Amino acid sequence: MSEATANMRARDIAGPGDYFDLLKPRVMSLVIFTAFVGMAAAPGSIHPALAAISLLAIAVGAGASGALNMWWDADIDAVMTRTAGRPVPAGRVPRAEAAAFGWFLSALAVALLALASNYLAAGLLAFTIFFYVVIYSMWLKRSTPQNIVIGGAAGALPPVVGWAAVSGAAPLDAWVLFGIIFLWTPPHFWALALFKKGDYERAGVPMMPVVKGVDSTRRQIFAYSIVLALAGVAPFLIGTTGYLYLVAAGALGGYFVYAAWKVLRAAPDDQRPAVHLFKFSILYLFALFAVILIERWTGLHG
Amino acid sequence: MADRRPEKTDEIKQRDRRNVAIALGLGAFIALVFAVTLLKLGGSVAERSF
């Protein structure tokens, strides 16, 4: 056997890194960040070490639902260029192992969060995993173009989980942060779906551009971006945040609407505005939540 | 049979790496639960009378 063949074989056998990839590290980073902002913004305090362990539990819970999603959607991932290299469709990790890994880590994460913080936070984390895996992955994703709209609730819950972990409660302030991420999800994913339309078509996933067409999707993206920009200001209106946040939310929201407008007005075959909106939407969420953190650390909030 | 040895070695190497990762993960979980127990009990746990 030649050296090159031996090396190829080595890469086809799963190492620890493949199991780490099952946790969708890049999606996890946004979950960790928004959960952390929820913890920082909540009143009251817990021991810093307990806060760190709670955040780790939330991160592992998010990762576990990523692994369960890759277990359930292996057939879809295999036909989409973006996801064909993932450990399960690439054949390095058997489907059943991804399932066992995901369910086991879910249980550990929920138990650890219950021990480190409280049952409300642990219950919300368990609900988040259930919603993402059962409601979104198993049911909605393959059956309706509203899949990511409703499924977005799972991605929007982490700041509420973080808030509950620190304060033992889930007040309106936390749910307004939930609302922002919830309204952000459709324009974010539909921008992606616009320039990955062929992938979704081949995989038979009824994303909005596939079912209702590009024009309708562009109009809906624009409508959501206006509602999102308005919702972005809501934390200031109910007193969760201060004037620095108001200015930042106004500017970021304004640019979001502008970028969505460029998508709406783009030539039928021009994908660049959609790519730009997709990239900016990630920056938007990071920046908006970062400003909440900065306000807390500098004492500028209400 | 001799030409199948390299393949087997790679497989065992990867399995060893997976085993080490599982051991570290379980060890970390045990350490975390222990740490949480101490933190939740509070600072005076070492001075309690039986």
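**Close-up 1. Where chain B meets chain A in this predicted model.** Put the two chains together and about 1,600 Å² is buried between chain B and chain A, with carbon and sulfur atoms giving 77% of that area. Looking at who takes part, chain A brings 19 residues to the contact and chain B brings 14. Sorted by class, the chain B side that touches chain A holds 7 charged residues, 6 nonpolar ones and 1 polar one. Even so, the count of salt bridges between chain B and chain A is 0. Polar contacts do turn up: 3 residue pairs between the two chains, both partners at pLDDT 80 or more.

**Close-up 2. Ala116(A), a residue that touches both chains.** Ala116(A) sits in helix α6 of chain A, which covers residues 95–116. Is Ala116(A) buried or exposed? Ala116(A) counts as buried because its relative accessible area is 3%, and the cut-off for buried is under 20%. Leaving aside residues up to four places away in sequence, Ala116(A) touches Leu50(A), Ile53(A) and Ser54(A) in chain A, plus Val36(B) and Lys40(B) in chain B. Take Ile53(A): along the chain it is 63 residues from Ala116(A), yet the two C-alpha atoms are separated by 6.7 Å.

**Close-up 3. The two domains of chain A, side by side.** The domain assignment splits chain A into domain 1, residues 18–170, and domain 2, residues 172–302. Their C-alpha centres lie 21 Å apart. Across the boundary, 31 residues of domain 1 are in contact with 34 residues of domain 2. The pair buries about 2,900 Å², and 79% of that is on carbon and sulfur atoms. On the domain 1 side, Phe33(A), Pro145(A) and Ile148(A) lose the most area to domain 2, together making up 19% of what that side buries.

**Close-up 4. The domain 1 face that touches domain 2 in chain A.** For polar links, this interface has 4 residue pairs in polar contact, with both residues at pLDDT 80 or more, while the salt-bridge rule finds 0. Which helices of chain A each supply at least two residues to the domain 1 side? They are α3 (25–41), α5 (74–79), α8 (147–156) and α9 (158–167). Helix α8(A) provides the largest share, 8 residues. By class, the residues on this domain 1 side come out as 20 nonpolar, 8 polar and 3 charged.

Key:
Residues are numbered from 1 along each chain as its sequence is written. Chains are lettered from A and ligands numbered from 1 in the order in which they are written. This is a predicted model: local features need pLDDT of at least 70, side-chain atom pairs count only at pLDDT 80 or more; totals for chains, interfaces and linings use all residues. Side-chain values use heavy atoms; hydrogens and water are left out. Contact means heavy atoms within 4.5 Å. Buried area is the accessible area (1.4 Å probe) that two parts lose on being put together, summed over both. A salt bridge is a side-chain nitrogen of Lys or Arg within 4 Å of a carboxyl oxygen of Asp or Glu. A polar contact is a pair of N or O atoms within 3.5 Å; within protein, one must be able to donate a hydrogen and the other to accept it, and residues adjacent in sequence count only if both atoms are side-chain atoms. Ala, Val, Leu, Ile, Met, Phe, Trp, Tyr, Cys and Pro count as nonpolar, Asp, Glu, Lys and Arg as charged, and the others, Gly among them, as polar. Domain bounds come from an automatic or database domain assignment. Helices (H or I, at least four residues) and strands (E, at least two) are DSSP runs, numbered from the N terminus. Buried means under 20% relative accessible area, exposed over 50%, partly exposed in between (1.4 Å probe, protein chains only).
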